[in-house]
Amino acid sequence: MEEPQWANVKHPRIDFQSISYYSAPKARKKLASMDEVDPELLRTFEKLGVPMNERAKLAGVAVDVIFDSVSVATTYKAKLAEVGIIFCSISEAVHQCPDLIKQYLGTVVPIGDNYYAALNSAVFTDGSFCFIPKDVKCPMDLSTYFRINTESSGQFERTLIVAEEGASVSYLEGCTAPKFDTNQLHAAVVELVALDNADIKYSTVQNWYAGDENGVGGIYNFVTKRGLCKGVSSRISWTQVETGSAITWKYPSCVLRGDNSVGEFYSVALTNHHQQADTGTKMIHMGRNTRSTIVSKGISAGQSNNSYRGLVRIAPTAAGARNYSQCDSMLIGDRCSANTFPYIQVNNPSAKVEHEASTSKIGEDQLFYFAQRGIGAEEAVSMIINGFCKDVFQQLPMEFAVEATKLLGLKLEGSVG
Amino acid sequence: MIGADSKTLLEARGLHATVNGIEILKGMNLTVKTGEVHAIMGPNGSGKSTFAKVLAGHPAYEVTAGEVLLEGKDLFELKPEERARAGVFLGFQYPIEIPGVANSQFLRLAYNTVQAQRGKDELDPLEFDDFVRERMKLLEMNPDFLDRSVNEGFSGGEKKRNEILQMALLEPKLAILDETDSGLDIDALRVVAGGVNQLANENNAIVLVTHYQRLLNYIVPDYVHVMESGRIVKTGGKELAVELETRGYEWVAGATVAAGAAA
C-alpha cells in the first residue's frame, strides 16, 4: 500500500521503521482499583488538569484510562455490569468475550481500508471496547482519556462500540498531551455498530500537542473513524472539537445501511500557528429514507491551513434519502487559509441534498466595536468564536461543552490584538 | 444642563490625524465641559466622523500631531477598550453586525466590564435581564432584540436604537453620537432623541455629529460648531444651526475665506 497523498497537508515522509510500536508504563502489574495506580501516573493526570478519579465519581463518568497503550484502571465497571454493559480495554475483551470481537471487529473498517487503518490493524495493542445489550440505555456517559506520554511512541488505539437493538450510549473521548519536540504518529481506528433502533453518540474533544509557534513538533493524528447504521431507524452521531495536533487527517463517517437510519456529524476544527487540518466526514446513504446532517465549523488563525473535506453519496438503493450540509469557515488574521472540498454523488433521483457554505473573517471593525464597549480583543474573539460554534457545542454533553469553550479561548490566546 | 461646578471633560488641542496616509484632521480644537451638549456640523468629508473615531481609538486612524485630554489625562495613552471603560462612548454611524452573538450576551458583557472598572457589582444573566428590559422601555424597544444576534438583520432605525440602549447601559461621561439621526424616520428620531435627553445630566456631556439641523430640534445643543477641512471654522449657539439650514455650509466657508483675507 502507498501513503495517501490527496489530503491538503504537507509533512516530511514518516519513517515507519523508527516508530516504537509498543510502549507501556513501567509499573506493569494488574490493578484492581484506582488506589493501586502509580502515584506518578496520577500526578501526570493532575498536571494535565484531569482529576480523573474525582471527576469520574462526581460526574458519574466511567473512565477507561489509556496510558501509553496499556489500560491501567477501569472504574464503574461493576455498575455497568449490572445492566449487562461491557466497558473494558479491547485486550481484556479479546479474552473475555472473544465471540463479540470476532463478530464485529473489522466489519466497519476492513483491514485494508486505507493505509493508516491497515497499519493500525496490523499493530494495535489496545484500546476500548463497549457493548450495550438489547434495549439497554447506558445510565451514564462513558469516557476515555487518551494520553500520549512517551517520546516517539506511535499510538495505535482501537475502539469498538456495539449497540444492540434498541440500545443507546453516549461516549466521550477527550485528549491532551504533554509537550514534545519530535513528531508522534497517532493512527487510531474507531468502529461503531448500531443495530435496529440503536443510538450511538460519540463526542471528542481533541487537544494534542500541536507543535510550537514555529511548527516544530506536534502530533500527526491520522485517524479512521466510521460508524455503521446497520439496523433500521438506527442513529449514529459524531461530534468533534479538534483543536490540537500538528496535522489532523480525520473523517468520522456514517454508513447508513438500515432503512430510516440517521447519521450526524458536528465538527469544530481550530487551527493556529502552523497547524494543518484536513477533516470532514462521509455520509454513505444505502437504505431508504436515510437522513444525514453535517455541520462543520472551521476556524483558522496564525499561518495555519484548515480544510473541510466531505463526501455525501446517495446509492441507487437510497430512495427518499436526505442530506443537509453546512460548512462555515472563519479566518483570523491574513496569513491563514480555509478550504472546502465537498464531494456529492447522487445516484437516486428521489434524494434531496443541500449544501451551504460561508466564509467570514473576524475583522478590525468588529473588534473595534467590542473595544468601544469596553471589551478587549481576546474576550471579543472568544465571544465571536463561541457564537460561531454554537450549533456544534449544543450537541456536546454539558461538561464537555464548557471545557470546549474554554479550550478554544486558550488556543486562540495571542492570535489577535 | 450645565451645572454651577461644571468641569472640563475633554480638551482637544491642535489635533492632526490621517487615514491611509491622507490627512483628515488639520488642527482640530474643542473643549467640552460636563453638562454641555455640543453639535458638530459640516459638509461631507470635513472630518466630523474622523474626529469621533480618533477619540474612540479606531486603529485605522493615526494621530500625527496635537493632544487630547480626558479629565486632564492623555487620552491617547489608553487603548480603545480602556477609553470605553474610562467613560468615552461612541454611537456608531454604521453599527457593526456580529453574527452568532446574542445581543443580550454582548450587552451584559459590556455592562459588566464597565461596572467592574467602576468598582460596582456585576449582574448575573437574570438580574441583567430585568435591568436591560427596564432600559429598553426608554427607547420603546421590543424585547425580541435581546435574543437576536448583535445588529444582524436590524433595520437602520433598530441599529440606532441599539446604540442608544448601549449608551443607556454604560452611562458614559462623554457620549459622541456619530450621525445617530441618519436612517431614522420621524417617529424613531423622536424616540431616540427622547432617550438621549433623558440620559443627559450635569455630570456627563454629549457631542452630536450631524449633517442636519433636524436632530437639533429634539436635542437642543449649547454649542454648534461647523467643521471645514479638518478643523472647526465657526462656533455659535443653537441659532447657528438654523442659520446653516437656510444658508448652507458654503456661507460659512465663504465667511471664513473672507475673514482670512481680511486678517
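How many helices and strands does the secondary structure of chain A come to? The count is nine helices and 21 strands, where helices (H or I, at least four residues) and strands (E, at least two) are DSSP runs numbered from the N terminus. This is a predicted model, so local features need pLDDT of at least 70 and side-chain atom pairs count only at pLDDT 80 or more, while totals for chains, interfaces and linings use all residues. Residues are numbered from 1 along each chain as its sequence is written, and chains are lettered from A and ligands numbered from 1 in the order in which they are written.

Chain A has 417 residues, and 54% of them are buried; that word applies when 20 or more other C-beta atoms, placed from the backbone, lie within 10 Å of a residue's own (exposed is 12 or fewer, partly exposed is in between). Contacts, meaning pairs whose C-beta atoms, placed from the backbone, lie within 7 Å, often reach far along chain A: of those with a separation of 6 or more, 84% link residues 24 or more positions apart.

Chain B, for its part, has eight helices and 12 strands. Its radius of gyration (taken over C-alpha atoms) is 18 Å, close to the 18 Å from the globule rule (2.2 Å times the number of residues to the power 0.38) for 263 residues, so chain B is as compact as a globular protein of that length. Buried residues come to 44% of chain B. Among its contacts between residues at least 6 apart in sequence, 72% join residues at least 24 apart.

Now for the inside. The largest nonpolar core, a set of buried Ala, Val, Leu, Ile, Met, Phe, Trp, Tyr and Cys residues joined through C-beta atoms within 7 Å, has 174 residues, and B:Ile176 is one of those with the most contacts inside it. Helix H8 (residues 377-393) of chain A gives the most to this core, nine residues. Beyond its neighbours within four places in sequence, B:Ile176 touches residues including B:Phe89, B:Leu90 and B:Gly91.

Those three sit in strand E6 (residues 88-91) of chain B, where B:Val88 and B:Leu90 point one way, B:Phe89 and B:Gly91 the other, and all are buried. E6(B) pairs in the parallel sense with strand E9 (residues 174-178) of chain B over four bridges; pairing takes at least two bridges found by DSSP. Opposite B:Val88 stands B:Leu174 in E9(B).

Where the chains meet, 20 residues of chain B are in contact with 16 residues of chain A. Helix H2 (80-85), strand E7 (98-102) and helix H3 (103-117) of chain B each supply at least two residues of chain B's side.

Methods
Contact = placed C-beta atoms within 7 Å.
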